[in-house]
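Hi,

Here is the structure I promised to pass on to you. My notes on what turned up in it follow below, and I hope they help you find your way around.

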Amino acid sequence: MAVCIAVIAKENYPLYIRSVPVQNELKFHYTVHTTLDVVEEKISAVGKAMADQRELYLGLLYPTEDYKVYPSHMIKNMAVTNSKVKFVIVVDSSNTSLRDNEIRSMFRKLHNSFTDVMCNPFYNPGDTIQSKAFDSMVSAMMVQAS
Amino acid sequence: MMSPTQWDLPPELCCRPMAFVALTGLDVTYNAIHRAIWDAFCANRRADRVPISFKVLPGDHEYPKCRTKRTSYEWYIPKGILKTGWMNKHLNLVPALLVLFYELDWDDAVWKEKQSECATKVEIVRTSLQGRNTKVAVVLIQKKTPLPPGEDLVASERAASLCNACDLSGKSLFVLPHTDHLVGYIIRLENAFYEHAQTYYYTEIRRVKSHKEFLNKTTHQLLFVRHQFKIAFFSELKQDTQNSLKYYRTAYSLVHELRTHETNMLEIKTMAGFINYKICRLCFQHNTPLDAIAQFRKHIDLCKKKIGSAELAFEHTAWMSKQFQSFGDLFDEAIKLGLTAIQTQNPGFYYQQAAYYAQERKQQATHLCAHEASVSYPTPDHLETPSGALDFYGQRAWRQGHQSIDPPHMEKEKGGILALQMKEKDVPHSELIIALLSNAVAQFKKYKCPRMKSHLMVQMGEEYNHAKDYTKALKLLDYVMCDYRTERWWSLLTSILSTALRCSYLMAHIKDYITYSMELVGRASTLREEQKSRIEKNLIKVLMNEVPEAEPDCDQASAKAAQALWSDRMSLAGSNEFTIEVQDYVPFVQCKAKFLSPSFHVDDPVQLHVYLRADCPHPVRFSKLCVSLSNQEYNQLCVVEEPCKSQDILEASSQENMCLVPGKTRIYSFKFVAKTEDVGKKIEITAVDLMLGSDNGRCVFLNWRGGGGDAASSHEALLAARSFKSRGRVPEQHVEWDTVSIQASTMIISRIPKISVQLSHEPPALNNEMYRITVSIQSNEETVTKDVKLTAGLKPGQDANLTQSTHVTLNGLEMCDESHPALLPDIAIGDLQPGEKVEKCLYVRCVTTGARIFLFHVAYALSTKVEGKDITCRCHKDETVTIETVVPFEVAVKFVSTKFEHLDRVYVDIPFLLMTDILSASPWPLHLVTSQLQLAPTMAAMDQPQSQVEQVVLQTGECASECFSLQCPPVLNGTSSVASGQYLISWKRKSWCADAPVVTTVATLPHVMVETIPLYVHAELPSFGRVRESMPVRYHIQNRTGLVQDVEMSVEPSDAFMFSGLKQVRLRILPGAEQEMLYNFYPLMAGYQNLPQLNIGLLRFPAVSGQLLRRFLPSRIFVKPQGRQADDASIAAA
């Protein structure tokens, strides 16, 4: 289960970001922001090699040592959509049962839900996401804060 | 022992172990030869030389005493894992080989004495190394070059005796001739030393290994680790890194098998850290960085939880930080030696983690070391040891060698912990953290992680803030702020700004304070409304020159100091005016300025709107708004100030004009009349300034470069453009902020001319003619137009060749030439009354064909009134026309014989015809005035040539032809191509008046081949014959050569003629002479009849055939029928 889920616009500003627990929010914001370094590098590398590949999932970015709240590693995952909107999921890797295909299915859900948001005629592309449906979908994927 | 470097790895661990060889018997201070030898050993120790560390020691040097070797470990309980002195001892104190230098030549006079002295010296050294396995070698320094081995019998005999006396093996005795090749000898010597040293370390390894059988697993666990470590270390000294790595790995797993409890936790971690360091170092050295990283991860995983004593938790984090730091250093060093790192795996991460643990350490330290002021440093100092150092790595000073689970002495334990905590208080944590962070920053910069770099710089800034170094903190935060601003991560920007605001508050930096406040109360800030409100109130206080409230989260003392600073600042006069360039921030007041139109006519007033909007929680009042324009003369017209309400402000508002209500857009409009000299120029808004505060308090100018906008506005405008909301209907008087777009510049353009310019002409223009264009200018102005000027001619900016081939004049009576320009500028026309019309004729001569654009530019001045001001405007009107130029006619020329047969060559002195055709291509009728033939000297006319086309008028497509009879004078050699001359045609358009100039077109006649002919034949015969009437025909045969010609002639019979005369004859013609042959032809039939064929053969010139000559002769003649009386006869004949 994720501890932080973020949707990043093409221009690299956040469209949506939520994390548990709330008091460490800023730290997660920094974490998500710094992953963009790697994402940009990966996208440009992929862009050069196989521009038309349909694979949007970038896989595990990098594990880092971590915080007192969550001892053990954090794993960040990443997917980039065709519109260059990026999804970042931060997972607490003490949860070792989480497998690659599960992460993929999380991204798929996230992507589908994001597509629904985009289909809303009252949503302006580029605005921050304020959707109850999206919120509840994200909540369902998050670790329940105890 | 408790120093800030307590956690640093000992230098003997971090160095590369090299075999230690001690040299004695060298006097390097006073003996030049010895000095040279020593220098040769130490200088230039590059990688290609064997790894040995040399040291010169005196002959009577005392080496560490060797303890008596234990024969049994049965009752032995080890006190620790590794003694602190052990590594140093084997690196620097106990040599693997001891070399004794001694000056002795084989043929020394006092050989015996010297030999025994040498033996004594060896003995002394041996004694001082009692119990060690150190080898001893002797080097004889000799003055003479030795003979090849085996040849010097004395030498070998004395060498043997010396070995014997010193109890040396032959392999340990060396000779060093002190000659030119010293370095070469030294290198050979040290290679030999290296072998000895390796043998020594090999035996040491064997020795340590041999202890193993005496050990048991219950009491000697520590020794297992110690021995493995020693073996590994000796292997390293032996330069056997592969095995060394293997032993270190075993040692590492053994160290984690040790029973851990709170009392030995530090010792175990210390040793684990040492061994881990060695393993990682060797892995990098073996170029297996992934092994190193894997080992390090394993190490961290194993040790992370081994916190040890909770009261000394900061020790664990300090140790963790050091682990990461030293791994980062190793990684970085490997990269310097050629390893390539990648974005997601570079030393930066390790430094970052080290910094993270350093931060943890600091937090734990503040938490654990928060002693009451009354608690003082314990006496006696439990951290003191008798020797001043620890015996074993990682042990506690107050219970060294103690290995049981519980501390032996509770009081001492407490005292020791307290002492450590007190020491920790003095550690400059922030310095350590900042150093690590800056290391990490350098790495992330290298590996293209700009955001990670910014993040770390924020952390550095925050750390400087904690360390109360606000200047540096602000410098760093300022540097990264714009990155977060441009990436629009408002939550992060807000957090950074809040820290920066606190720093600037504590330093009482007014300008910074205002700048950060402005952004924090603005729309980019994610602060809650009440926080914004607090900051805005503070900002207003500062503007009123009062001391603001303290920022939250400042400690009491600093806040108090800051208050004092602020009061000082306030009392100081001057520096009360600030200009803040807000363009690159997201300030709480937004500004957009726009000209209402991208261009204004000079006779219309320029209109300009400034839109302002505040995003802060409370309304703000400002005292002045001014717009700066590129022409500063207008600036005074674009100001709005509180006291005097300018007439220019259009908007009538019931509320106060100079007050910005949050969320509401305010419009200020300005209007001014442009100066006439600005016509054709751009007027730009260079800046918009908004003055907050007042002159008597503190005033701050918010300055927007150009037409406003800030760091966030361009993106907002983009989103607004995409938004569905923009399509909604906006009520009157209400301005949707997002729909306002900036228009920072406008053009001042000239007044619309009220004048008509018309052209009349008959296109196309004919090549070379004087083409007439009539321009009629009519004024539709209501007042007098003054100083009307016409510029006419070829429009500039076309092909440069056109300028050369186009000539314009006003005089249509004369042909114009090259001296005339392509464009006639400023033809004065004078003043025009309203409605007056003027015509002007322009003549254009186009020398080449093709399309040209002609420009007719009419400029004039006019007085008018704008907004009550009299201005003189210059207006102009342009008219262009494209005119095609075509050739008026085509001239075709051909040469034909007198029989109108086509000629490809002509013959000397034989007449021929020149035919010319003039084919009109002009759409207008052409009047051919005359034509003229100008012959070249190589041509001559048969008679006076006269123009046959004079005064002919050619319609389109019609053709006029002429024919001239010519002859060629003799040419030098047989054939040559000669010029014919020119054909001149004078013409003009039919439609133009009689006095229009005549155009003369020259057509160059083609060259023609002229050939000399040896024989010429021409016939003299009547123009017609009559049936049955004899007609005389005379053939003239001319010899045109300088030779006598033999000519054969024959006349062939013909059905139509009977003839008399010589039928076949052979004659001889003298040079230049002419022979005449007379025949009487008697026609038999009427009509066109072929004459009897005359065949001529030249014996000398077979090439000149009868065929050729026949061309000069008529072939047919018209024969008229006989008179009436002959009718019957002719019928009968038919």
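**What I found**

In chain A, 55% of the contacts with a separation of 6 or more are between residues 24 or more positions apart. Please keep in mind that this is a predicted model. Chain A has 146 residues, and 52% of them are buried. Three helices and five strands make up its secondary structure, and along the sequence they come in the order β-β-α-β-β-β-α-α.

**A helix in chain B**

Over in chain B, have a look at α10, which covers residues 289-303. With 15 residues at 1.5 Å each, α10(B) should span 21 Å, and its end C-alpha atoms are indeed 21 Å apart, so the expected and the computed span agree. Which residues of α10(B) are buried? They are B:P289, B:A292, B:I293, B:Q295, B:F296, B:H299, B:I300 and B:C303. Looking down the axis of α10(B), you will find these buried residues within an arc of 160°, which means that they line one face of the helix. As for what covers them, the list includes α8 (241-257), α9 (265-285), α11 (313-336) and α12 (347-368) of chain B.

**The second largest pocket**

You may also like the second largest pocket, which has a volume of about 790 Å³. Its lining counts 30 residues, and those nearest the centre are B:R67, B:K83, B:K89, B:R226 and B:K230. By type, the lining of this pocket divides into 12 charged, 10 nonpolar and eight polar residues. Three helices of chain B, namely α3 (86-93), α6 (182-211) and α7 (221-237), each supply at least two residues of that lining. Of the contributors, α7(B) gives the most, with five residues.

**Enclosed space**

Finally, the cavities: the structure holds seven of 30 Å³ or more. The largest cavity contains about 60 Å³ of space. Around the largest cavity sit B:E262, B:M265, B:L266, B:K269, B:I307, B:G308, B:S309, B:L312, B:E315 and B:R396. Which helix provides the largest share of this lining? That is α9(B), with three residues. The lining of the largest cavity divides into four nonpolar, four charged and two polar residues. Note that α9(B) also appears above, among the elements that cover the buried residues of α10(B).

Happy browsing, and all the best!

How values were computed:
Residues numbered from 1 in each chain as written. Chains lettered and ligands numbered in written order. Predicted model: local features only at pLDDT ≥ 70, side-chain atom pairs only at ≥ 80, totals over all residues. Heavy atoms only, no water. Helix = DSSP H or I, 4+ residues; strand = E, 2+ residues; numbered from the N terminus. Expected span 1.5 Å × (residues − 1). Buried < 20%, exposed > 50% of the residue type's maximum accessible area, 1.4 Å probe, protein only. Arc of directions from axis to C-beta. Contact = heavy atoms within 4.5 Å. 1 Å grid on protein atoms, 1.4 Å probe; cavity = no way out; pocket = protein on both sides within 12 Å on 5 of 7 lines; lining within 4 Å. Points joined across faces, edges and corners; volume = space filled by probe spheres on them. Nonpolar A, V, L, I, M, F, W, Y, C, P; charged D, E, K, R; others polar.
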